[in-house]
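Biologist: Could you take a close look at one part of this model for me, and explain slowly how it fits with its surroundings?

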Amino acid sequence: MTAFLPPHRCAMAPGVTALAASLILACGARSGLTEDDTGDGTGSMSVDPREGGCDNPIVLPLANMEVRGRLQGPSRVEGFCGDGVLDGGAEDTYLIVPTFNTDVLLLMQPSTEFTPTLRVTRDGCYEDENNIPRLCAAPVGDVPFRHFFAEVGHEYSVTVDSPEGTDGHYAMQIVYTAPTLDGCPIHTNQINQEPGGTFHWNNTLGGRAGEVDGHCGGPGAENMFQVNVVAPGEILFRVTADTSFAPSLSIRTGCGGSSELVCTSMQETGSPTLEILQFFEPGTYFVVVDQNDIRGGKYVLEVQFL
């Protein structure tokens, strides 16, 4: 597949990864001052008309590719994870409109000249209490990749943001595939099947961004436990949370949302107590206690082997 792009926007850089060698190249907007910029770098504005801005994002085809751009000038939008410091510089926004449900990997490349902040919002670029980013990572640093789950019927704004005063280039690979397990924070405690036995865990999740996404959402911090099943049988999972956050609960076979077997959330049921009764064949599974907001709070997880 060939992407038709203006000739001044792209050049294959030496030393890209083996994965990048097989990907399509696209380039981001130049995020310097435009006629409509105020130059004050104070964050969100009502309209961002420049190419690559929130109101005029760069629409991407559904193909693995590498996007590149140069960020300089004032900030137009900021997110909760950057806190106006790590994302106080210019940004570029790309739009993904999936035609199938898929996990999406975002891999910042070593050639990037600053430490970026990544945000992904659904059905709108601007963040507010009704549109919390599905992914908000600052700083990205040495983390190999970030990922989110994209569903048919929604649009996803992917924003590469920069610290205040940035003038530098970036390169990011966008790959449509399931993330490997190292893309999720799996808890050191494992849940081992014991017929007639139980597992009990309680924790207080901080008010911060999480790393696991899926059909039932989950922008906030989470706990993900490995479940080891040695014999066919049913397992009951129950989560009870306090009033400070809205829990979600999912069962999956891997890290990404595409591996989910079932999920439920307070956003869907209206109750802070969630239950999933699932039959399992022998194998390795994962249960994720997540939240539909980023306020944090206390939860209790109970697992019963029936």
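What follows is a request about one strand and a connected answer to it.

Biologist: Please look closely at strand β8 (residues 146-150): how many of its residues are buried, and which way do they point from the strand?

Modeller: Please keep in mind that this is a predicted model. Strand β8 is mostly covered, since five of its five residues are buried. Arg146, Phe148 and Ala150 point one way from β8, while His147 and Phe149 point the other way, and all of them are buried. In a regular strand the side chains alternate between the two faces of the sheet.

The next step is to ask what lies beside this strand. Strand β5 (residues 102-108) pairs with β8 in the antiparallel sense, and the pairing runs over five bridges. Within it, Val104 has Phe148 of β8 as its bridge partner.

These two residues appear again when we turn to the nonpolar cores. The largest nonpolar core has 26 residues, and those with the most contacts inside it include Val104 and Phe148, together with Leu60, Ile96, Leu106, Met172 and Ile174. Both β5 and β8 are among the elements that give two or more residues to this core, and others on that list are β3 (65-72), β4 (91-96), β6 (117-122), β7 (135-137), β9 (156-161) and β10 (167-175). In soluble globular proteins, nonpolar side chains tend to be buried together.

Leu60 offers another view of this core: leaving out residues up to four places away in sequence, Leu60 touches Met65, Val67, Tyr94, Leu95, Ile96 and Ile174. Apart from this core lies another one, of 24 residues, among them Leu249, Ile276, Tyr285 and Val303.

For comparison with the strand you asked about, we can finish with the aromatic rings, of which the structure holds six pairs. One of these pairs joins Phe199 and Phe225, whose ring centres lie 5.9 Å apart with 65 degrees between the planes, an edge-to-face arrangement. This pair links distant parts of the chain, with Phe199 in strand β12 (residues 198-205) and Phe225 in strand β13 (residues 223-229), 26 residues apart. Phe199 and Phe225 are both buried. The rings of Phe280 and Tyr285 have centres 4.7 Å apart and planes at 70 degrees, and this pair is edge-to-face because planes over 60 degrees apart count as such. Phe280 and Tyr285 are both buried as well, and Tyr285 is also one of the residues in the core of 24 residues.

Technical notes
Residues are numbered from 1 along each chain as its sequence is written. This is a predicted model: local features need pLDDT of at least 70, side-chain atom pairs count only at pLDDT 80 or more; totals for chains, interfaces and linings use all residues. Side-chain values use heavy atoms; hydrogens and water are left out. Rings of Phe, Tyr and Trp (its six-membered ring) pair if their centres lie within 6.5 Å; planes under 30 degrees apart count as stacked, over 60 as edge-to-face and the rest as tilted. Helices (H or I, at least four residues) and strands (E, at least two) are DSSP runs, numbered from the N terminus. Buried means under 20% relative accessible area, exposed over 50%, partly exposed in between (1.4 Å probe, protein chains only). Two strands pair if DSSP finds at least two bridges between them. A nonpolar core is a set of buried Ala, Val, Leu, Ile, Met, Phe, Trp, Tyr and Cys residues joined through side-chain atoms within 4.5 Å. Contact means heavy atoms within 4.5 Å.
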